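Colleague: I am new to this structure and would like a close look at a single part of it. Could you take me through the interior in one connected answer?

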Amino acid sequence: MTRSLQRTVLAVSFGLVFSSGCIPEAGAIPVVVANSFGAGNTYLTTVGWGVEGTASAAGYRGQAEWFVPGTSGTLSTIQLAMFRSGGSGRSNFYITQDNGGIPGTILESYLNVLSPGGLLTLNSLAQPLLQSGLEYWICAEPADGTTVSGWYENNQGHANGFAFERSEWGWSAIGSPAPPSGVFRVTVNSVPEQTSSALLLLLATGCGWLVRRRWCWN
């Protein structure tokens with residue numbers, strides 16, 4: 001094997017490694033893994049689930065919705081629609097793992113968020129990994145006692161059950177059939193399959209080994 005061809009083989013090998021997704025940030029692709037919005041980000045605008053503090057007439061209440069991503073990836077954004085009826089209009093939002101059918105370990109928090117009176121986008125900074133086939137929860141709690149807000153329901157017929165609370169982090173599950181769930185959309189940055197990356201890395205290693213062996217034969 002000539003030295004020119006050896007350099008070409010090595011260049012191709014390393015090119016395969018770096019283009020195969022061994023660096024997930026470079027290969028990330030935005031993917032919607034859960035969505036109950038209608039066309040044009042529509043939802044029910046006359047009814048929603050209460051997110052209210054202790055000073056409200058109805059007393060403390062939080063709301064949580066679950067989903068199962070079909071694609072693994074790092075969390076990018078959560079979108080939902082909120083309204084404010086009174087008080088501070090501020091809520092705390094969380095994405096959590098599942099714990100036996102209710103929200104469990106918190107993966108990321110979005111604290112003291114003011115309700116915009118419509119579509120709300122929460123951009124992930126921690127970018128936790130969400131794994132395909134596992135259940136996760138989006139939770140909304142009042143940020144203070146004066147909060148009187150609500151999470152608008154979806155208009156697509158999604159009614160797979162939810163969780164609610166009457167005390168901080170005291171969740172109870174409501175199974176299907178149930179009234180329409182709170183509207184939301186979740187986007188992740190998908191990463192290339194590790195199997196493909198591993199195979200390409202093995203190929204590149206093998207090519208390098210052949211080049212070294214050829215040098216020994218010369």
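Modeller: Phe93, setting aside neighbours within four places in sequence, is in contact with Leu80, Met82, Glu108, Ser109, Tyr110, Val113, Leu120, Leu122, Cys139 and Ala140. The model in which these contacts appear is a predicted one. Phe93 also belongs, together with Phe67, Leu80 and Val186, to the residues with the most contacts inside the largest nonpolar core, which has 22 residues. Strands E1 (29–35), E4 (73–86), E5 (90–98), E6 (103–114), E7 (118–123), E9 (136–142) and E13 (184–190) each supply at least two residues of this core, and the largest share, 4 residues, comes from E4. In soluble globular proteins, nonpolar side chains tend to be buried together.

A polar residue gives a second view of the interior. Asn154 is found in the loop between strand E10 (148–152) and strand E11 (162–165), and Asn154 counts as buried because its relative accessible area is 2%, where the cut-off is under 20%. Polar atoms of the Asn154 side chain lie 3.2 Å from the backbone nitrogen of Gly157 and 2.9 Å from the backbone oxygen of His158. Not counting residues up to four places away in sequence, Asn154 touches Ser36, Leu44, Pro180, Ser181, Gly182 and Val183.

As for the whole protein, there are 3 helices and 13 strands, and 42% of the 218 residues count as buried. Among contacts between residues at least 6 apart in sequence, 80% join residues at least 24 apart.

How values were computed
Residues numbered from 1 in each chain as written. Predicted model: local features only at pLDDT ≥ 70, side-chain atom pairs only at ≥ 80, totals over all residues. Heavy atoms only, no water. Buried < 20%, exposed > 50% of the residue type's maximum accessible area, 1.4 Å probe, protein only. Polar contact = N/O pair within 3.5 Å; in protein donor to acceptor, adjacent residues only side chain to side chain. Contact = heavy atoms within 4.5 Å. Core = buried A, V, L, I, M, F, W, Y, C linked by side-chain atoms within 4.5 Å.
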